[in-house]
Amino acid sequence: MTDFKRDGSHLAYCPPVDKWDDWMELDPEAWPRRVEKHYDLVPTICFNCESACGLLAYVNKETGKVDKFEGNPMHPASRGRLCAKGPATINQIHDPDRVLYPMKRSGARGAGKWARTSWAEVLETFGTRIRKAIQEGRGEEVMYHVGRPGHDFIMDRTLQAWGIDGHNSHTNVCSSSARLGYLLWHYADRPSPDHANARFILLLSAHLESGHYFNPHAQRIIDGKMAGAKLAVMDPRLSNTASMADYWMPTYPGTEAAVLLAMAKVILDENRFDAAFVKNWTNWEELEVDGFRAKGQTFEALTEALKKHYAQFTPQFAEKESGVKADVIVKTAREIAAAGSRFASHLWRGSASGNLGGWQPARALMLLHVLTGSVGTEGGHNLNAWNKFVPKTFKTPPPQKHWNELLYPQEWPLCTHEMSFLLPHFLKEGRGRIEAYFTRVFNPVWTFPDGFSWIEMLRDEEKVGLHAALTPTWSETAWFADYVLPMGFSSERHDLMSQESYAGKWIGFRQPVNRVLRERTGEKFEYTYQANPGEVWEEDEFWINLSWAIDPDGSMGIRQYFESPYRPGEKLTVDEYYGWIFDNSVPGLHETAKKEGLTPLQYMRKYGAFEITRDVYKQNEKPVSAADLAGSTVESNGVVTKAGKSVGVMVEDKAVVGYNTPSRKLELFSKTMADWKWPEFTLPEYYRSHIHRSAQAASMGRLAEDFDPKYTPVVEWPKDSRGDVYTLLPIFRLPNLIHTRSGNAKFLYEISHKNPLWVNPVDAQKLCGVRTGDLMKVHTEIGYFVLHAWVTEGLTPGVVACSHHLGRWRINKDDQVERMSSAWVDLKEVGKGQWKMRQLESVSPYDSPDPETKRVWWSDAGVHQDITFPVHPDPISGMHCWHQMVRVEKAGPNDRYGDIFVDTNLSFAVYQRWKALARPAPGPGGLRRPLWIPRVVRPEEAAFYIKK
Ligand code: SF4
């Protein structure tokens, strides 16, 4: 097993730290001559996914340019290793098509005419508009909408300093359902599996190759496998991950919870569960189900009630639902039970984000952890909150007083994150308007469902008054902005990041490489854009300066949070912001830095990351502090309370902190679900997804017995759609691409540049003998798209699949585009809300200052599918349910590769059908949402109550 060592000796092939000031390599281009190249190596953090792996920028001493990026061996999570996207940062920073200066539109919105402007003008324009909105009590009309955060906390602080409820995110098209499933159990909304020490690992994902935190996790999954762990993968696709598994379980999409509950039944029936753990660490005494009330009953009675409740989930039933053989289900269940406390798993997107009720697989998966006692253990399931470190900053603003109904509307009181993907529909319904809108590393026109509704919203100046796209690259969304503001890549900005990568805690520091190097030699910069290419800025300095522009004299109470903690009344610098954090709130950093004669900031600039602690387990067993115990009382359910707030729970006569749930235990029984109008889901359950075969039959007018319209809206096909009905898997990632930002990375696009429709040979036969390369037309509920088929056995029959990482498009042929990754298209609104897109020209080599663009050899950019999907808000989690029921046919004579048609009138109707399934607030006491459930940028408690 490769373990991280602070001196980097675990990776002998990496440059040792003492040589980072002058690292020599031979120039491969000069071979066979021996020509030395000398580098400064500067650590930073990758910005291409949320794993936050450590990069080393190789800065050529002769040219001052970054020549390449490799892994930082001093980073505790990535340990010197990267996926393909880390080194490809070099393409991003040298991209000849990137945005280098702030741009302002010079024609109508969406007309594609731009003129260069200054940062001063940008700050003045937005500062004035936002100040006026806040002063007039319209703070909720200011919205910051983030795609890829890439940092922790600073935006929460900024928005709360402005006193507004204006944080929007992409999370409800990403991970909200999985998060709800987890948080209902233990408040923390993400798993932190200890893969390296596990004996059995179950992935409901392609986690060895893609996904959140996958590179740090993948290393540790392999560590675990090399130490003897077995790996099982549930995925309808034979992904690269599934190909590495001991058990590939190709579940029919949306049936994963049925399989997991069948495993739970095996473990229960065979009495292989950890009774002591369940008894001590779940709220089993609160359970009420099927007429059974656990209160006052024995634990044995409880287990009998559970066995009875899950009796329907026989392995045979699960096989019928999922297609996975019953004997495989039984075998894996027994192996999981045998692994006991060393059972680890991961679920993030996949079944959770694809399906109606996608939060149930996470809830059912956690039941397996609870039954095996593998929560908080070495080799088991730990909580993200135990392993992710978010430091405190100086002078924290108070929570805002307002509640923004455009973010958290009453229909979805249990949504974990903002209902971001419904924003165009909310504005269409007249729920509000936006005065100042910031989209930041966010491209909803392309990455969200129903992109044409986004275009309709963004081009409407009544609905969106002023829009700035803060982005490192051009995007389909930036096209419809008023301002395009260039932001930095990995080596051009400061950020703090920490993730739950393993059973430890670490913090990583992204930094602007050129500025840092030049400041080492005595140069001084007021702002990072002065050292970056063009005038590419970093957000930290932008928000500080914008806050000063909003409140120039400090009279609004905003400016105080952006003043130096060391120089009263003067503007905060990034060195001061991060220096204060490193000095005051990272445990152990001060002492470690001091040993090397460095300040904490110097230490972080030198190494780029710091491990705070490791081997973090069983945080629930920590004793309640003496201060909290003094004057506390113990309630009848064992919860220890003080001043009306719970601080712990009694377990085996000890007061321990437990979990942040109402019972302070793992919530096997969720009273929250009963209180918020979903009493049928108080326990982990399985219910059928919107793409289940019964729903497919209903869409064709054949109502099956097992179809319940109370949970599943019936699909209404557009009148000219044809073909057999399939389930489309549209959300699998390609390991080497990241949504919008990889569009300018030649090294990545030459690996993947096509997203064909995967079709199983059985289905290919049914579809009149379709062969690889044939043109197919895929009808959704609101339109269609046309692409090539790829016939493959790597997919369950009855299901088709298409990766969402391709299909970029551009309206201008040669300007404001990423030419190596996009097709030039003709985009037309042919009737009200009826949109047609046809590809005019695809990818070809082109002249630019970068010789690589002449070497582009591929001629395809893929096909955009997300834009043909309607929104599907899950009635409970609020998550967009990505899987699509589609009709598939061979394309006709008038169809061309890449053709797209969408009717946004239909998409609005689909939205209404799904909204009708929700069970809106108020909940108990007139609440908008449960007080105990976390909320992003949480307002003050009074705002949680609906005003009468
Ligand atoms: S996993 Fe890849 S893309 Fe993500 S941070 Fe690490 S190197 Fe970058």
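Leaving aside its neighbours within four places in sequence, which residues is Lys-665 in contact with? Take this predicted model and find Lys-665. The residue sits in the loop between β26 (654-656) and α24 (671-675). Its contacts, with those neighbours left aside, come from several stretches of the chain. One is Trp-185. Then come Lys-279, Asn-280, Trp-281, Thr-282 and Asn-283. Val-649, Met-650, Val-651 and Tyr-659 complete the list.

Lys-665 is buried, yet it has no salt bridge. The nearest side chain of opposite charge belongs to Glu-285, and it is 5.1 Å away. A salt bridge needs nitrogen and oxygen within 4 Å, so this pair does not count. A backbone atom lies close by instead. The backbone oxygen of Asn-280 is 3.1 Å from a polar atom of the Lys-665 side chain. Asn-280 is also among the contacts of Lys-665.

Now turn to the salt bridges. A search of the whole structure finds 75 of them. Start with Glu-335 and Lys-230, whose closest N and O atoms are 3.4 Å apart. This pair links distant parts of the chain, 105 residues apart. Glu-335 belongs to helix α11 (residues 326-339), while Lys-230 belongs to strand β11 (residues 230-234). Are the two partners buried or exposed? Glu-335 has a relative accessible area of 19%, so it counts as buried. Lys-230 has 32%, so it counts as partly exposed. The cut-off for buried is under 20%.

Next comes Arg-605 with Asp-575. Their closest N and O atoms are 2.7 Å apart. This salt bridge joins two helices: Arg-605 lies in α22 (residues 600-607) and Asp-575 in α20 (residues 574-584). The two residues are 30 places apart along the chain. Arg-605 is buried, with a relative accessible area of 13%. Asp-575 is partly exposed, with 32%.

A third bridge joins Lys-828 and Asp-826, with 2.7 Å from N to O. Lys-828 counts as partly exposed because its relative accessibility is 44%. Asp-826 is also partly exposed, at 29%.

Salt bridges can also form networks. One network links Arg-129, Lys-132, Glu-136, Arg-138, Glu-141, Arg-433 and Glu-435.

Where does Tyr-144 lie? Tyr-144 is in strand β7 (residues 142-146). The residue is buried, with a relative accessible area of 2%. Leave aside its neighbours within four places in sequence, and its contacts are His-151, Met-155, Leu-159, Gly-166, His-167, Asn-168, Phe-438, Arg-440 and Trp-543. Thr-633 is another matter: it lies 489 residues from Tyr-144 along the chain, and their C-alpha atoms are separated by 43 Å.

Follow the chain to helix α17 (residues 451-458). How many of its eight residues are buried? Eight of the eight are, so the helix is mostly covered by the 20% cut-off. The buried residues are Gly-451, Phe-452, Ser-453, Trp-454, Ile-455, Glu-456, Met-457 and Leu-458.

Asp-450 lies in the loop between α16 (444-447) and α17. Asp-450 is buried too, with a relative accessible area of 2%. Its backbone deserves a look. Most residues other than glycine have a negative phi. The phi of Asp-450 is positive, near 65 degrees. Glu-652 also has a positive phi, about 50 degrees, although it is not a glycine. This residue is found in the loop between β25 (645-651) and β26. Glu-652 is exposed, with 59% relative accessibility.

The peptide bonds hold exceptions as well. Most peptide bonds are trans. A cis bond joins Trp-31 and Pro-32, with omega about 10 degrees. Pro-32 is in the loop between β1 (23-26) and β2 (36-45). Another cis bond joins Ala-921 and Pro-922, again with omega about 10 degrees. Pro-922 is found in the segment after α28 (904-915).

Last, look at the ligand. Which residues surround it? The shell holds Cys-46, Asn-48, Cys-49, Ser-51, Ala-52 and Cys-53. Leu-82, Cys-83, Lys-85 and Gly-86 belong to the shell too, as do Phe-214 and Asn-215. These shell residues divide into seven nonpolar, four polar and one charged.

Terms used
Residues are numbered from 1 along each chain as its sequence is written. This is a predicted model: local features need pLDDT of at least 70, side-chain atom pairs count only at pLDDT 80 or more; totals for chains, interfaces and linings use all residues. Side-chain values use heavy atoms; hydrogens and water are left out. A residue is near a molecule or strand if one of its heavy atoms lies within 4 Å of it. Ala, Val, Leu, Ile, Met, Phe, Trp, Tyr, Cys and Pro count as nonpolar, Asp, Glu, Lys and Arg as charged, and the others, Gly among them, as polar. Helices (H or I, at least four residues) and strands (E, at least two) are DSSP runs, numbered from the N terminus. Buried means under 20% relative accessible area, exposed over 50%, partly exposed in between (1.4 Å probe, protein chains only). Lys and Arg count as positive and Asp and Glu as negative; His and the chain ends are not counted. A polar contact is a pair of N or O atoms within 3.5 Å; within protein, one must be able to donate a hydrogen and the other to accept it, and residues adjacent in sequence count only if both atoms are side-chain atoms. Contact means heavy atoms within 4.5 Å.
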